[in-house]
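Let's take a walk through this structure together, starting with its metal sites and moving on to how some of its helices pack.

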Amino acid sequence: MGQNNIARRIQVQGIVQGVGFRPFVYEQALKNHLTGWVRNSSSGVEIEVNGSPDGIEKLISALSNHLPPLARVDSLQVTEIQPEFFPDFQIFSSQPQPGEYIPISPDIAICADCQKELFNPKDRRYRYPFINCTNCGPRFTIIEDIPYDRPFTTMKGFPLCPQCTAEYKNPRDRRFHAQPIACPVCGPQLNFIAGGEEKAAGEEALQLTRKWIRQGKIIAVKGLGGYHLACDARNEAAVAAMRNRKKRSDKPFALMAFDLASIKAACEVSEAEEELLLSRQKPVVLLNQKPANGIAPSVAPGLDTLGIMLPYTPLHLLLLEPEAGYPDLLVMTSGNMSDEPIAYIDEDGIKRLQPIADAVLNHNRPIHMRVDDSVVREERGKIYPIRRARGYAPDAVTLSQDVPQVLATGALLKNTFCLTRDKYAFISHHIGDLENYETYRSFKEGVAHYQNLFRITPERVVCDLHPDYLSTRYALEFSQEHQLPVLQVQHHHAHLASVIAENHLPVDEQVIGLCFDGTGYGTDGKIWGGEVLVGNCHGYQRYAHLAYQPLPGGDAAIHHPARIALAYLWNEKIDWDEHTSLVDSSLCSADRSILLAQLQNSINTPQTSSMGRLFDAVSALAGICAETSYEAQAAILLEVAANPAATGRYPLPLKAGVWEIEPLLQGIIADLYQNDSKAEIAGKFHNSIALAAIEVCEAARSQSGCSAAALSGGVWQNRLLLRKTVSGLESKGFTVLTHHQVPSNDGGLSLGQAWIAANAEFTGK
Ligand code: ZN
Ligand code: ZN
Ligand code: FE
């Protein structure tokens with residue numbers, strides 16, 4: 001111990017585990033001739049250093065200024081301690097404390113260093129499709145149990161070779177303690193299966209896949225969180241065949257490009273969008289298409305956007321490696337029949353994908369957690385999640401205060417669940433539509449898995465008000481089995497609470513919630529969806545809503561916008577026969593008389609105040625979309641059709657808290673008779689909704705004093721409406737809260753449910 005030596009204890013919080021933080025500290029300690037140790041603790045990383053004041057100063061400064069790429073320091077606490085003798089500086093292994101949890105990393109896209117090695121002929125992992133390191137690679141999808149160590153991952157069947165072991169044990173190596181590392185000698189391998197037989201392995205399997213795709217075939221490719229179906233995105237015959245075999249109707253397919261240049265050739269890419277594309281999550285980003293970009297029309301029928309992502313695994317990079325004559329853009333859509341969850345288990349995947357794919361590019365690294373690609377959009381420089389999955393889950397959403405442990409079971413469609421503890425809401429990856437048995441099973445398994453990983457034992461359970469949601473039934477069973485209190489929360493109240501929770505609003509502050517979506521069970525047993533709620537997590541007042549309309553056939557109506565339009569006209573006493581030439585003729589006269597009888601006798605025509613259905617009705621009325629093959633298609637096409645610069649609006653008067661839609665429908669009909677273009681009508685309709693939303697907020701503000709407006713619900717995925725509403729509200733002095741961490745659609749619902757339940761009974765005490 002030198003004369004002037006001092007000692008410090010440093011406690012670091014933030015993203016500091018599983019990101020190469022300890023080796024970084026080790027490196028800094030050696031550089032500055034410090035002794036002591038570093039270890040993971042339950043709340044972050046603890047360091048004890050002895051040495052010169054100058055050396056310690058340099059270490060502390062490095063901790064704030066030169067971090068490893070994935071690390072983030074939120075707080076740094078330095079305390080003076082008595083110097084002690086240590087022969088050297090050491091990395092101590094971590095001991096998990098009972099009841100404590102260690103954050104679990106999402107899967108991370110391949111890093112720049114690994115990408116360099118992948119294409120370096122001199123590297124021992126040259127062209128090895130499973131290359132990874134401390135800074136990248138699979139995490140959440142391969143973790144079976146905690147602590148996060150190789151024996152508890154699906155890499156347990158691949159013992160490290162001596163060279164990999166040496167890297168794993170060397171604190172100065174980029175692969176120090178990287179659990180999933182592997183190499184061609186000891187790690188997973190590819191194989192190519194066609195006609196039920198293995199045709200090739202390794203590099204040959206890869207090349208065969210590339211060749212088949214180039215020839216227009218469809219290949220199921222096992223990736224990180226499941227199987228994709230891949231084909232050449234510029235080959236219309238191949239894409240159409242995939243659409244046909246997948247029974248996917250018109251729902252757009254996601255694409256993958258080797259690099260940014262290929263994306264920019266096909267789409268407009270803003271700076272913020274570029275950042276999202278390149279982020280370590282590598283989500284699918286929705287981008288505006290460039291005209292005549294050569295993408296097969298069947299990729300995204302009728303849409304002006306494309307969902308594109310960059311390769312996030314070494315395998316994807318190799319698959320898309322540029323070569324003359326080979327496609328630069330691949331369709332990479334979830335490997336499933338429509339409505340089913342993505343396939344992820346080998347035998348199951350191969351069996352289920354056989355009718356769709358000509359061959360399978362498989363590998364033998366098992367996937368423990370099925371995770372879909374995330375889908376996001378950028379608006380005014382900010383991220384808007386549409387599907388939160390790979391790369392984001394299971395990262396927690398941080399809450400504004402500590403909460404009890406809650407299980408929230410979410411919605412029926414686009415389900416996610418949410419578990420809370422301390423200040424964290426662990427909102428699950430996108431599970432899917434629980435109507436499907438397979439999806440429901442993965443929901444149940446998911447709940448158990450998250451409980452185990454994050455050591456959460458729910459003290460209370462919360463779910464939707466809808467009695468028939470499988471997520472509701474599960475919550476009721478769970479609460480009974482574990483004797484826990486259960487809370488049923490109105491759907492749009494949960495939407496409101498979701499946007500409040502992620503924006504860290506004070507719990508008692510009231511906001512004006514514009515909760516616009518397709519469907520949510522109301523407290524009056526009707527279907528809500530065009531709702532203005534004033535409230536907070538403790539409760540709400542239904543300030544305004546769209547006038548109730550009959551929904552012929554209930555939920556099934558969403559496939560038939562023309563029927564919705566006719567039902568709305570009938571309900572508003574607008575004679576549809578008089579306007580036969582206007583309202584789409586997809587319904588023959590026999591269908592029309594059946595519909596009329598159904599409406600007159602109120603047979604299966606539940607009442608709805610849904611905003612989504614109003615978009616459907618208008619889309620059909622304007623002759624844009626009469627029949628749909630996927631959710632929200634009519635509304636999406638209405639937005640695509642709209643002239644964003646259209647001026648004018650249709651009247652949507654608010655009387656005693658109810659928006660009357662008759663004048664709006666009459667206005668559209670009048671414009672149709674004047675032969676106004678679809679673009680003008682669609683544009684004016686968007687104006688009408690945005691202006692009505694802004695005006696209702698002004699009215700609610702003068703009555704309640706609230707000056708914050710919160711936007712939640714799937715309708716806000718409509719960019720045009722979002723833009724017009726947000727800019728209008730801001731110009732009127734409102735603070736506007738929107739979703740940036742969870743989707744505004746039902747994928748974000750569980751967070752709101754959890755926030756309501758967490759604060760129930762607890763506040764005011
Ligand atoms: Zn790496
Ligand atoms: Zn090895
Ligand atoms: Fe909803």
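The zinc ion (ligand 1) has four protein donors, Cys111 (SG), Cys114 (SG), Cys133 (SG) and Cys136 (SG), at 2.3 to 2.4 Å. Donors here are N, O and S atoms within 2.8 Å of the metal (3.2 Å for Na, K and Ca), and water is not among the atoms, so sites may look incomplete. Before going further, please note that this is a predicted model, in which local features need pLDDT of at least 70, side-chain atom pairs count only at pLDDT 80 or more, and totals for chains, interfaces and linings use all residues. Residues are numbered from 1 along each chain as its sequence is written, chains are lettered from A and ligands numbered from 1 in the order in which they are written, and side-chain values use heavy atoms, without hydrogens and water.

Here are the two metal sites side by side.

| Metal | Donor distances | Angles among the four donor atoms | Spacing in sequence |
|---|---|---|---|
| zinc ion (ligand 1) | 2.3 to 2.4 Å | 103 to 120 degrees | C-x2-C-x18-C-x2-C |
| iron ion (ligand 3) | 2.0 to 2.2 Å | 89 to 169 degrees | H-x3-H-x21-D-x228-D |

The zinc angles make that arrangement tetrahedral, while the iron site is irregular. Four donors count as tetrahedral if all angles lie between 85 and 135 degrees; four count as square planar and six as octahedral if opposite donors are over 155 degrees apart and all others between 65 and 115; anything else is irregular. Cys133 and Cys136 are both buried, that is, under 20% relative accessible area with a 1.4 Å probe, protein chains only.

The iron ion (ligand 3) is held by His491 (NE2), His495 (NE2), Asp517 (OD) and Asp746 (OD). His491 sits in helix H13 (residues 491–502) and Asp517 in strand E22 (residues 511–521), so the pair ties together parts 26 residues apart in sequence. Helices (H or I, at least four residues) and strands (E, at least two) are DSSP runs, numbered from the N terminus. Both His491 and Asp517 are buried.

How do H13 and helix H21 (residues 749–759) cross? Their axes, lines fitted to C-alpha atoms over the stretch in contact, come within 7 Å and cross at roughly 85 degrees. The two helices are therefore roughly perpendicular, the word for angles of 65 to 115 degrees.

Ser750 also lies in H21 and is buried, with a relative accessible area of 0%. Its C-alpha atom is 5.4 Å from that of Cys418, 332 residues away along the chain.

Notes
Buried < 20%, exposed > 50% of the residue type's maximum accessible area, 1.4 Å probe, protein only. Axes fitted to C-alpha atoms, helices over the stretch in contact; angles between N-to-C directions. Parallel < 35°, antiparallel > 145°, perpendicular 65-115°, else oblique.
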